[in-house]
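Here's a quick look at a ligand site and at one loop residue. Have the model open while you read.

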Amino acid sequence: MTDTPRISFEFFPPKTEEGRNKLYATREVLQAFDPDFFSVTYGAGGTTRDTTANIVTELRRDGISIAPHLSFGGDNEETVLGLLERYKESGVDRIVALRGDMPSGMGAVAQLVYANELVAFIRRHTGDHFHLEVAAYPEIHPESESYDDDIRYLKGKFDAGANSALTQYFYNPDAYFFFVDQCAKAGIDAPIVPGIMPITNFTNLARFSRNCGAEIPRWLRQRMESYRDPADIRKLGLEVVTDLCETLIDGGAPGLHFYTMNQVNPTAEILKALGVAEK
Ligand code: FAD
């Protein structure tokens, strides 16, 4: 790897005291890698509105750079404005702006608001206060009608005021490089940071990937499915994802955004294997 990349770590809001303690312990260790920021996800349909906001403002009090994920979910403008005000007051200066999904079983209870509209809404009400990240999909969003449409809508998010993008995870670096080229051809010149999902539990990963449209290459699936010992899965996962990160950074990716799943070891081991220095 040529340079130390921009690094960020994603958490989900814990539901229990035990989960909260684990998140704090994970944060403590990952902080040593000097990340640009941490981020905290938002439950589909706004189901974690309060837990996300509480953990974000709590972590912010410790002085770390932290970005809440945000979507309209089923909320009205007033509720979203209230959250933006709360984040501003607590010193948050970055938001991951999303359309989000509806929680399974809720059907179409509310109309989802596209991310470009949320970006425009945040800019309208808070000016340039927040650095706005949006989601991008090198293997294309599962609901997209075409590759070109998806890139056009991503461009719409930048035109509305987004600053940079974080991608869905993938295991094929060519998908990322091709996507970034196509984005550049469409006039997108903002950073598109690859999302990195460490591999620990392959069964869970395969199920999750089916839902979010991330492809697991056949050779990787075959190899993983032949293993019986979880330690073998973790070992190959570490090797494959470290190689992926190296290829991405050497090929010009502007950073790495890790989906930590609130676990310290899978992410920390990759960073150590990449030679990222701890402070
Ligand atoms: P959009 O950019 O609005 O796109 C949604 C779909 O509609 C796409 O198919 C797009 O091509 C199409 N589209 C976009 N704009 C328009 C338009 N104006 N007109 C017509 N079609 C349009 N989900 C959560 O619930 N909580 C999270 O915290 C969360 N964090 C994430 C973090 C990252 C880095 C990523 C990559 C995804 C995350 N997701 C999260 C998942 C995300 O919410 C889903 O993938 C969701 O289905 C799409 O959200 P979006 O912001 O990409 O939507």
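## The ligand shell

Ten nonpolar, eight polar and five charged residues make up the shell around the ligand; here Ala, Val, Leu, Ile, Met, Phe, Trp, Tyr, Cys and Pro count as nonpolar, Asp, Glu, Lys and Arg as charged, and the others, Gly among them, as polar. This is a predicted model, where local features need pLDDT of at least 70, side-chain atom pairs need 80 or more, and totals for chains, interfaces and linings use all residues. Numbering starts from 1 along each chain as its sequence is written, and side-chain values use heavy atoms, with hydrogens and water left out.

In all, 23 residues surround the ligand (a heavy atom within 4 Å of it), and the closest are Y42, D101, Y137, D150 and K157. Here are some polar contacts, meaning pairs of N or O atoms within 3.5 Å:

| Residue and atom | Ligand atom | Distance |
|---|---|---|
| Y42, polar backbone atom | nitrogen | 2.6 Å |
| G100, polar backbone atom | oxygen | 3.3 Å |
| Y137, polar side-chain atom | oxygen | 2.7 Å |

On its own the ligand has 970 Å² of accessible area (Shrake-Rupley, 1.4 Å probe), and the protein covers 86% of that. The elements giving two or more residues to the shell are α4 (115–126), α5 and β6 (164–169); helices are DSSP runs of H or I with at least four residues, strands runs of E with at least two, numbered from the N terminus.

Now for H141, which sits in the loop between β5 (131–136) and α5 (147–159). Is H141 buried or exposed? H141 counts as buried because its relative accessibility is 16%, and the cut-off is under 20% (1.4 Å probe, protein chains only). Beyond its neighbours within four places in sequence, H141 is in contact (heavy atoms within 4.5 Å) with R99 and D150.

Terms used: Buried < 20%, exposed > 50% of the residue type's maximum accessible area, 1.4 Å probe, protein only. Polar contact = N/O pair within 3.5 Å; in protein donor to acceptor, adjacent residues only side chain to side chain.
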